[in-house]
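Open the model in your viewer and keep the selection tool at hand. The stops below go from the whole chain down to single residues.

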Amino acid sequence: DESADINAQNIHLTSDGLEFDIVAGTQRHTNVKLHNIYAKHNVLIALYAYAAGRAEGVTPQNIIKGIEQFKMLGIRQNIFTTSDGILVYADCFNAVAKSIKSAIDSAQTIPLSCVNGGNSVPRRIAVLGDIAEVGDLTMSMHEDVIRYVDESNFDYLFFAGSKLKAAWSNVKTRDSLKVVVCEDNKHIVSELKKIAPSDGD
């Protein structure tokens with residue numbers, strides 16, 4: 001919202017993450033970077049950080065330096081490359097359909113130039129588990145997630161869990177989406193090994 005006291009403009013993806021301008025009154029800070037971060041809602045979080053820093057008397061330059069040094073860790077929106085050159089987008093804590101969709105959106109927008117690029121065409125592989133504690137919304141939420149992956153640019157969908165399995169039986173997925181139904185996490189690992197994820201995937 002450009003009428004806000006502090007807002008972001010010119011938001012765009014680069015091969016390194018998100019880039020945007022922070023506009024605060026008459027001040028404009030151009031080309032602020034969120035390195036290795038592709039989920040656009042993080043721009044709003046950066047604006048909160050900027051506003052909090054200014055309220056505490058921190059200089060804009062130091063705030064932006066802090067924003068640009070920020071790194072995701074652990075299992076929430078963390079992007080890292082394995083020793084095999086596989087780019088992993090890990091976002092797997094206390095999920096709901098909305099957060100899973102956000103993760104799918106973010107993962108599918110990562111430019112392929114980010115990965116090392118093996119000899120073959122890189123593949124996008126989604127690995128999902130059941131969503132817990134959603135009560136009466138269980139079936140519709142799991143069906144919604146499967147449809148969302150189906151409408152994305154992913155090549156594979158691996159999943160484990162009785163809720164996803166039941167939902168998948170009600171959803172017609174495209175032929176080009178290879179779906180692998182697994183019994184548990186160990187089964188997912190063994191099935192993933194069969195497709196041999198490699199440099200660039």
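The tour starts with the overall fold, moves to one helix, and ends at backbone angles.

**Stop 1: the whole chain**

Select everything. This is a predicted model. Colour by secondary structure: the protein chain has six helices and eight strands. Trace from the N terminus, and the order reads β-β-β-α-α-β-β-α-β-α-β-α-β-α. Along the principal axes, the C-alpha atoms fill a box of roughly 55 × 45 × 25 Å.

Now switch on the surface. Its accessible area comes to about 11,400 Å², and 53% of that belongs to carbon and sulfur atoms. Of the 201 residues, 38% count as buried. Next, the contacts: among those with a separation of 6 or more, 50% are between residues 24 or more positions apart.

Select the charged side chains. There are 20 positive and 25 negative ones. The centres of the two sets lie 3 Å apart.

**Stop 2: helix α1**

Select residues 41-55, which form helix α1. Put a distance label on the end C-alpha atoms: they are 22 Å apart. Is that what 15 residues should span, or not? At 1.5 Å a residue, the expected span is 21 Å, so the two values agree.

Which residues of α1 are buried? Pick N42, V43, A46, L47, Y50 and G53. Look down the axis of α1: these buried residues fall within an arc of 155°, so they line one face of the helix. An α-helix has 3.6 residues a turn, so residues three or four places apart point the same way.

Turn to the other side of α1, where Y48 and A55 are exposed.

What covers the buried residues? Add β1 (6-14), β2 (17-24), β3 (27-35) and α2 (60-69) to the selection; the cover includes these four elements.

**Stop 3: positive phi**

Stay at α1 and step on to G57, which follows the helix. G57 has a positive phi, near 85°.

Most residues other than glycine have a negative phi. The next two picks go the other way.

Select E133. Its phi is positive, about 60°, although E133 is not a glycine. Where is it? E133 lies in the loop between β6 (125-129) and α4 (138-150). E133 is exposed, with a relative accessible area of 77%.

Finish at A196, in the segment after α6 (185-195). A196 is not a glycine either, yet its phi is positive, about 50°. Buried, partly exposed or exposed? A196 is partly exposed, at a relative accessible area of 44%.

Definitions and conventions: Residues are numbered from 1 along each chain as its sequence is written. This is a predicted model: local features need pLDDT of at least 70, side-chain atom pairs count only at pLDDT 80 or more; totals for chains, interfaces and linings use all residues. Side-chain values use heavy atoms; hydrogens and water are left out. Helices (H or I, at least four residues) and strands (E, at least two) are DSSP runs, numbered from the N terminus. Buried means under 20% relative accessible area, exposed over 50%, partly exposed in between (1.4 Å probe, protein chains only). Contact means heavy atoms within 4.5 Å. Accessible areas come from the Shrake-Rupley method with a 1.4 Å probe; for residues, only the protein chains shown count as cover. Lys and Arg count as positive and Asp and Glu as negative; His and the chain ends are not counted. The place of a charge is taken as NZ of Lys, CZ of Arg, CG of Asp or CD of Glu. The expected span of a helix is 1.5 Å times one less than its number of residues. The arc is that of the directions from the helix axis to the C-beta atoms.
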